[in-house]
Amino acid sequence: MRSDLKPKLLTVLQEGYGRKDFKADLTAGVIVGVIALPLAIAFAVASGVAPERGLYTAIIAGFAIALFGGSRTQVCGPTGAFIPIIYTIVAQHGMSGLAFATVMAGFILVAMGLAKMGALLKFISYPVIVGFTAGIAVTIFSTQVPDLLGLRISEEIPGDFVGKWSLYFQHLDTANWRTCLISAFATAAVFAWPRLTSKIPGALFVIAAATIAVLLLGWDAGTRGADGVVTIGSKFFSDKPFPAGIPMPDFGIFGGLTFEKMRELIAPAFLIALLGSIESLLSAVVADGMTGRRCRPNAELVAQGVGNILSPIFGGIPATGAIARTAANIKNGGRTPFAALIHAFVLLAILLCLGRFIVYVPMCALGAVLVLVSYTMSGWRTFVGLVRTSPKSDVVVLALTFLLTVFVDLSVAIEVGVVLSAFLFLKRESETAEFHVFSRRQLGENAFDPHGTLAAWREKLPDDVEVFEVFGSLFFGAVDQFRENFKRVGRKPKVFILDLSNLISIDATGIHAIKETHLDMRADGTKLVIVGLHPQPKRALAHAGLDKVIGEENICRDMPSAIERSRAVLAEKTEKIA
């Protein structure tokens, strides 16, 4: 087994797992299981699927990812980031479409891990991550408005932001005062609870208190009908019991799988895989920062893939690393993947023993919990801080990613944000490249020598020799600047030293530019001498065969040897003339 794919659970067992470790993991696992219960249900309901599917996801995917994952303390399950994606897929393709897309995303994640792409995801810029995370937070909040206000909306709610809010305003007169009252108290309580105590999860307390209050007051929709507070039971299980048994595999989801269906779902599958990989690795990095450990990102991607393959087979939805649950696991003493495994068993026990009571939970209480989730996820302080302190180009990326996430689509937002970030990076890189031409005459006249690298060679640099310095990277974004500066060389010298000692990297376009420069010089009777190649440019030139074209004797290690080679070339030219 490749070392980067080795599960952390196996490492823990090899290092030795004792009673003290198990006791710490047991405590953390039970607490995190209780915390995960309301969140798993809330995320499922907000995504437009039945509440038990959130529990199935936390149990099955949470267990599988902990078993094969590359993090010691990460806890996985359904998360808020997936809500708009799942909602859209279910609306367009149904539950079978969501299952197909999730399984395909699982295989994509496995392939990403096997291809060692765990480290590549760090190249997604911070403004893009902050922008689409804040956009998702706004989207989550938008989906909860009908439940928070008890709006009676008979038509299908649009998927787009503007359409949603237009429909909400049209139906404001249908708001239920009982629901609004419970929502107000639940929302206030869920925000205030952390100031009172951290021993009992605020979400669990708020949901339990709201449920008891609605039952004691007789306000549930089952009793009052349309004037009552909508509960999970009245919305999802009015004509059937809550499925509180052990989740069983159902391969019937693949019955309608066709090539055309796969083609339609490949884009959503890639989006699930991309977002799942980003979320899980961000969560793992947070865990590493809290524990001082290091995760195995490739193993984590493979485990995420396995979890997302199994989750829909057992009736679940997409899963990824959950930062809040992971942090709670660490804060409560979780040391190894056994804590996440225990969290899955705790959820299964709750499902089997208390599942029938879930139907009494008010939808507005879940909405209050998700208001807190969206507020926390928005990271508005970070957002405002980036706007105030970042370069304008990064602010543009941040704002554009946020607006596209809210008003258009998350996949479009990520694509545009990543591409725009890449272009802006290339633009900044091209601006850092510097090109300077020097000759003995110019140095003698105290010409511009910004880095002071050639002043030492003022007396040694022969006549009829020019030096062209390159700083930074010579890639496709800087080649035009390279050519423009090269054209400024006045008379054609007999020897042209191309000083690449400050060249960090070069690509195919840069190599082609040097090759063209060499051919132009040869046509003018000028010898090109290259000096100071670093490993990457040296390998690139050799791979392109340019060292053979220019001549290995004309590729020098340092400036003294380049000047010596120039003297030899000048002597040869003098002999030929004589």
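## Crossing of α11 and α12

In this predicted model, helices α11 and α12 cross in a right-handed sense. Helix α11 covers residues 259–291 and helix α12 covers residues 297–313. Their axes come within 10 Å, and the crossing angle is roughly 130°. That angle makes α11 oblique to α12, because it is neither over 145 degrees, which would count as roughly antiparallel, nor within the 65 to 115 range for roughly perpendicular.

## Residues at the contact

On the α11 side, the contact is made by S277, S280 and L281. Helix α12 contributes P297, E300, L301 and Q304. By character, the residues of this contact divide into three nonpolar, three polar and one charged. L281, P297 and L301 count as nonpolar, whereas S277, S280 and Q304 count as polar. The charged residue is E300 of α12.

## The chain as a whole

The two helices belong to a protein chain with 24 helices and seven strands. The chain has 578 residues, and 53% of them count as buried.

The C-alpha trace spans about 110 × 60 × 50 Å along its principal axes. The radius of gyration of the chain is 31 Å, whereas a compact globule of 578 residues would have one near 25 Å.

## Contacts along the sequence

Contacts in the chain were also sorted by sequence separation. Among those between residues at least 6 apart in sequence, 82% join residues at least 24 apart.

Conventions. Residues numbered from 1 in each chain as written. Predicted model: local features only at pLDDT ≥ 70, side-chain atom pairs only at ≥ 80, totals over all residues. Heavy atoms only, no water. Axes fitted to C-alpha atoms, helices over the stretch in contact; angles between N-to-C directions. Helix = DSSP H or I, 4+ residues; strand = E, 2+ residues; numbered from the N terminus. Parallel < 35°, antiparallel > 145°, perpendicular 65-115°, else oblique. Left-handed = near helix turned anticlockwise from the far one by under 90°. Contact = heavy atoms within 4.5 Å. Rg over C-alpha atoms; globule rule 2.2 N^0.38 Å. Buried < 20%, exposed > 50% of the residue type's maximum accessible area, 1.4 Å probe, protein only.
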